[in-house]
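Colleague: I should be grateful for a close look at the nonpolar core. Which residues have the most contacts inside the largest one?

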Amino acid sequence: MTQEKRRHPRLAIYSAALAVSGNDGFLSDVKDLSQSGACIGKPKNWPESAPEECRVFFIFDQETVIGLDARVVRSTPEELGVEFTPGQKDRIDSLLYESRFLDRDVL
């Protein structure tokens with residue numbers, strides 16, 4: 001077993017997400033999140049030449065949508081790893097608070 005090197009524990013959740021790159025939006029799902037970032041499913045039509053910076057809207061229900069600025073730090077055929085940009089502590093705290101109402105496990 002490899003030793004965990006992440007700064008923050010990941011919370012395995014399932015939620016809807018909307019990743020916005022430039023003027024285009026891409027529906028996705030959230031695989032896990034932490035205080036510093038998230039792993040989302042890579043949209044089928046995600047452009048290969050997409051800019052590193054994006055905005056991810058985490059959709060919990062019709063009334064609870066939290067948007068965060070992020071940058072793509074990992075891209076595989078199935079997933080995008082995003083890191084939240086600095087200066088959004090209150091929004092990240094709100095995201096983690098809302099995620100506690102979903103079924104989840106600590107990874």
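Modeller: Accessible areas come from the Shrake-Rupley method with a 1.4 Å probe, and for residues only the protein chains shown count as cover. On that basis, the protein chain has an accessible surface of about 7,000 Å², and carbon and sulfur atoms hold 48% of it. This is a predicted model, in which local features need pLDDT of at least 70 and side-chain atom pairs count only at pLDDT 80 or more, while totals for chains, interfaces and linings use all residues. Residues are numbered from 1 along each chain as its sequence is written, and side-chain values use heavy atoms, leaving out hydrogens and water.

The chain contains one helix and seven strands (DSSP runs numbered from the N terminus: H or I of at least four residues for helices, E of at least two for strands). Read from the N terminus, their order is β-β-β-β-β-β-α-β. Of the 107 residues, 37% count as buried (under 20% relative accessible area; exposed is over 50%, and partly exposed lies in between). Contacts (heavy atoms within 4.5 Å) with a separation of 6 or more include a 51% share between residues 24 or more positions apart.

To answer your question, the largest nonpolar core (buried Ala, Val, Leu, Ile, Met, Phe, Trp, Tyr and Cys residues joined through side-chain atoms within 4.5 Å) has 23 residues. Val30, Leu33, Phe58, Val82, Phe84 and Leu95 have the most contacts inside this core. Two or more residues each come from β1 (11–21), β2 (24–33), β3 (37–41), β4 (53–61), β5 (64–75), β6 (79–84) and α1 (89–99). In soluble globular proteins, nonpolar side chains tend to be buried together.

Val30 illustrates the packing. Setting aside residues up to four places away in sequence, Val30 touches Ile13, Tyr14, Ser15, Ala16, Ala17, Cys39, Ile40 and Phe58. One of these partners, Cys39, is buried, at 4% relative accessible area. Cys54 is likewise buried, at 9%. A search of the whole structure nevertheless finds zero disulfides (cysteine sulfur atoms within 2.5 Å).

Two further residues link the helix to other parts of the chain. Leu96, in helix α1, counts as partly exposed because its relative accessibility is 22%. Beyond its neighbours within four places in sequence, Leu96 is in contact with Leu11, Leu33, Ser34 and Gln35. The C-alpha atoms of Leu96 and Gln35 are 7.4 Å apart, although 61 residues separate them in sequence. Phe60, in strand β4, is buried, with a relative accessible area of 18%. Its C-alpha atom is 7.6 Å from that of Glu98, 38 residues away along the chain.

Notes:
Buried < 20%, exposed > 50% of the residue type's maximum accessible area, 1.4 Å probe, protein only.
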